[in-house]
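Please open the model in your viewer and keep the selection tool at hand. The tour moves from the cysteines to a strand and its neighbours.

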Amino acid sequence: MDDRKTLINLDDESGDDDATVAQKDMGQGSKPIQDFGAIQSEEPTTSSSGREAQGFSGNHHLLGDEPPLQLGDNAMPIPPEIPVNGNAGTSNRNINNSEPIFHLRSRTAASSTPNYESLDYEVCENTLFQEEQRKRLTERFSLRKDVIRWIIFIQIGIITALIACTIDIIIEELSDLKYSFLFNAVQRNVPLSDSSTGDLVIPYLYWLLFSIVPVAFGAAMVTYIEPITAGSGIPQVKSYLNGVKIPRIVRIKTLAVKAIGVITSVVGGLAGGKEGPMIHAGAVVAAGISQGKSTTFVKDFRVFKAFRDDHEKRDFVLGGGAAGVSAAFGAPIGGMLFSLEEAASFWNQNLIWRTLVASIISVFTLNIVLSAYHGLNDFTFTGLFNLGKFDAPLKFDYFELPIFMLLGVAGGLLGAAWNSLNTKINKFRKRFIPWKIGKVIEAVVVAMLGVTLACLMIYFINDCRPLGNDPTNHPVQLFCEDNEYNAVAALWFQTPEATVRSLFHDPPGSHKILTLALFTVVYYVLSCATFGLNVSLGVFIPTALVGAAWGRLLAMVTFYMFPQAEFLHPGKYALIGAAANLGGVLRMTISLSVILMETTGVESSFFFPLIIALITAKWVGDYFNEGIYDTQIQVNHVPLLTWEPLPQYKGLTAHEILSNPVVCIKLRDSAHYIYKMLKKCDHNGFPVVDDVQGDRRSEGRVCGIILRSQLIVILLKSLYVENKRFWLPETSIQTFRDVYPRYPSIKSVRQLDEKINYTVDLSMFMNPSPVRVNPHDSVPRIFQIFRALGLRHLLVINNENRIAGIITRRDFIYK
């Protein structure tokens with residue numbers, strides 16, 4: 001891996017925008033990076049927010065004249081300078097020692113994550129913010145903001161539930177039309193039990209048509225309109241809540257494409273579900289409502305202005321994700337716990353209550369709408385993922401606990417193998433199917449493969465069962481005698497969610513052992529090939545379906561071997577198998593067990609077997625690899641901060657990982673200098689210093705920190721000292737919130753020809769209390785501070801309160 005140094009001279013006030021830029025190649029990077037995949041680009045890119053950023057930018061680290069610290073043993077010599085950007089004549093230009101000379105370090109990690117920036121979760125408590133806080137103390141309704149916050153969470157729950165209802169009703173109606181048509185096609189073309197007189201080709205072609213068309217339409221929308229909507233969306237939401245800005249993750253257009261994509265994918269018969277996309281949809285709803293404006297439609301409703309920052313939006317997005325889980329499963333407690341266990345990186349007690357309220361409101365709204373739609377008078381339709389209630393209470397004996405543990409071991413092994421195989425498939429398709437049309441064709445091919453395998457199973461397996469306990473609304477005779485239905489077709493002629501419900505509640509003897517064995521293998525492979533396509537689908541339902549199939553299969557095989565074992569209830573073991581398989585793939589425990597209990601209505605006494613299977617599956621799976629969501633985050637090169645620092649950082653101090661010198665700005669600095677600096681570097685945070693000797697800004701005394709977005713707004717609105725009397729009365733913290741979240745770039749600022757000698761006073765704009773550490777502080781302690789507070793920049797200062805270096809997110813992701 002190559003590391004580069006970029007030398008930028010901003011001290012030349014007479015230079016134009018194309019100042020000298022030179023780079024040095026380093027044979028061995030100063031900090032090796034964990035294997036996130038192939039390097040995509042070595043050039044800076046512009047994010048969707050308009051800010052120029054190379055990689056996920058907090059503040060790009062800087063190197064001094066001393067050699068960088070080597071965490072490895074093999075340090076390579078620095079080769080001669082190489083001219084870049086066509087500046088062949090400037091590579092040998094002498095760089096003097098006058099300030100400011102910036103040695104920018106461009107690491108391999110930054111180039112491998114070209115679209116990611118950090119979010120500003122730290123509240124900028126500058127003078128304008130403090131004035132707003134003092135003003136609220138004198139207002140008549142001092143609790144108005146807290147009341148509005150509760151109202152927003154209630155709105156999030158209601159709107160998320162309405163979107164979920166719309167998606168569910170459309171999927172149910174289209175699926176009913178599809179399978180009714182296929183049922184009639186089978187009845188017309190295969191009327192008798194004698195297969196020689198029937199023709200399965202015509203129903204097969206119809207089935208292909210009804211799968212290809214919606215899947216192709218959905219894949220084309222995802223691929224060509226909004227690629228971020230591919231998959232479940234949970235890894236992206238988790239990364240956002242961790243502090244990484246995922247471009248276009250919470251846009252209205254993203255929500256529209258996500259909804260249409262999940263409808264077409266489920267109706268098309270792909271091995272996936274709608275629970276993951278619902279979590280993403282809830283996050284988009286929360287982000288949109290909480291801001292009181294739409295950047296997509298360029299409409300500002302002039303409400304909720306106080307919540308227009310990353311810190312506030314993060315909490316609302318978490319509540320939206322919980323509301324999405326609750327709507328999908330009808331599990332308000334499970335939704336809250338899912339957000340706590342899997343999604344949230346930052347948590348507090350007040351957020352627990354608000355998230356729970358959003359979840360309960362979401363379930364209540366969905367219950368009313370869907371119960372009315374289905375004609376129920378008692379409002380008992382609890383969620384989209386309706387697994388049905390067990391007729392009799394599920395009981396277990398204590399001697400079954402080792403069996404449940406063995407099922408957990410099997411789930412962990414199968415889940416780890418599934419994650420590994422799926423990761424390899426996704427890396428393969430990312431490398432060999434880079435074309436958009438190829439991604440659409442791949443989704444169509446997988447859909448055709450699923451239909452073909454289903455028809456082959458129906459044709460070659462003779463599994464006829466008597467009518468009466470039909471597991472589907474459209475039981476087909478299909479090569480069976482009169483008053484019989486084809487049990488193999490029953491597994492395929494319905495949505496995956498309905499098949500899970502059938503495996504849970506079908507009476508004993510509803511399937512052959514061969515049927516479930518082949519179905520488990522086929523659906524295991526199909527679900528593995530499907531997750532990662534350019535379609536909007538979740539992984540929960542197919543994973544639960546595979547687990548329910550092999551759990552019921554094991555109960556059938558064991559009962560066949562030991563007919564006296566009356567405790568082998570197939571539905572009970574299907575539920576344990578689903579839990580074990582979900583634990584092996586997702587690696588969740590508490591929230592998953594609560595979701596399954598709320599969804600199936602089992603008694604609290606059955607919580608113990610569920611948690612045993614889930615914990616065992618998680619422990620076994622963690623021995624081999626990580627959960628599928630964390631694996632996807634790594635494959636997509638997202639710089640996620642884990643709960644604990646990497647082992648390689650134990651024993652290190654801040655002095656060993658910081659970068660210096662740092663690009664600094666004087667408390668009262670030249671507007672021309674700030675403009676040239678923003679043009680020449682793409683940092684997003686700058687320490688503000690005073691007591692500067694000459695132009696040696698990097699040796700000044702730290703008095704605060706200022707963000708790139710704030711500096712650009714200052715230049716755009718001409719907030720200079722010389723014309724202070726004009727803008728001071730009208731300037732407030734709202735001046736900066738109005739341009740959130742799509743901050744303008746420095747390109748939108750005109751040349752300061754007439755204002756070249758103007759001055760900017762940062763005392764009222766900067767954050768005067770940035771988090772600071774000492775160079776001798778330990779890295780694990782610094783990591784906990786950085787992650788717990790959601791920081792983007794962490795200043796390292798010496799005993800004289802002068803800047804020694806800076807630490808950002810990128811410093812914690814190297815191995």
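Buried here means under 20% relative accessible area, exposed means over 50%, and partly exposed lies in between (1.4 Å probe, protein chains only). The model is predicted, so local features need pLDDT of at least 70 and side-chain atom pairs count only at pLDDT 80 or more, while totals for chains, interfaces and linings use all residues. Residues are numbered from 1 along each chain as its sequence is written, and side-chain values use heavy atoms, with hydrogens and water left out.

Begin by selecting cysteine 703, which counts as buried at 17% relative accessibility; cysteine 703 takes part in no disulfide (a pair of cysteine sulfur atoms within 2.5 Å), and the nearest cysteine sulfur, that of cysteine 664, is 9.9 Å away.

Next, select cysteine 464 and cysteine 480, which a disulfide joins with an S to S distance of 2.0 Å. The link is left-handed, with -85° about the S-S bond. Cysteine 464 is partly exposed at 22% relative accessibility, whereas cysteine 480 is buried at 0%.

Now move to strand 19 (residues 793-797), where strands (E, at least two residues) are DSSP runs, numbered from the N terminus. 5 of its 5 residues are buried, so strand 19 is largely enclosed by the rest of the structure. His793, Leu795 and Ile797 point one way, and Leu794 and Val796 the other.

Finally, add strand 20 (residues 803-808), which runs antiparallel to strand 19 and is joined to it by 5 bridges; here valine 796 has glycine 805 as its bridge partner.

Terms used:
Helix = DSSP H or I, 4+ residues; strand = E, 2+ residues; numbered from the N terminus. Pairing = 2+ DSSP bridges.
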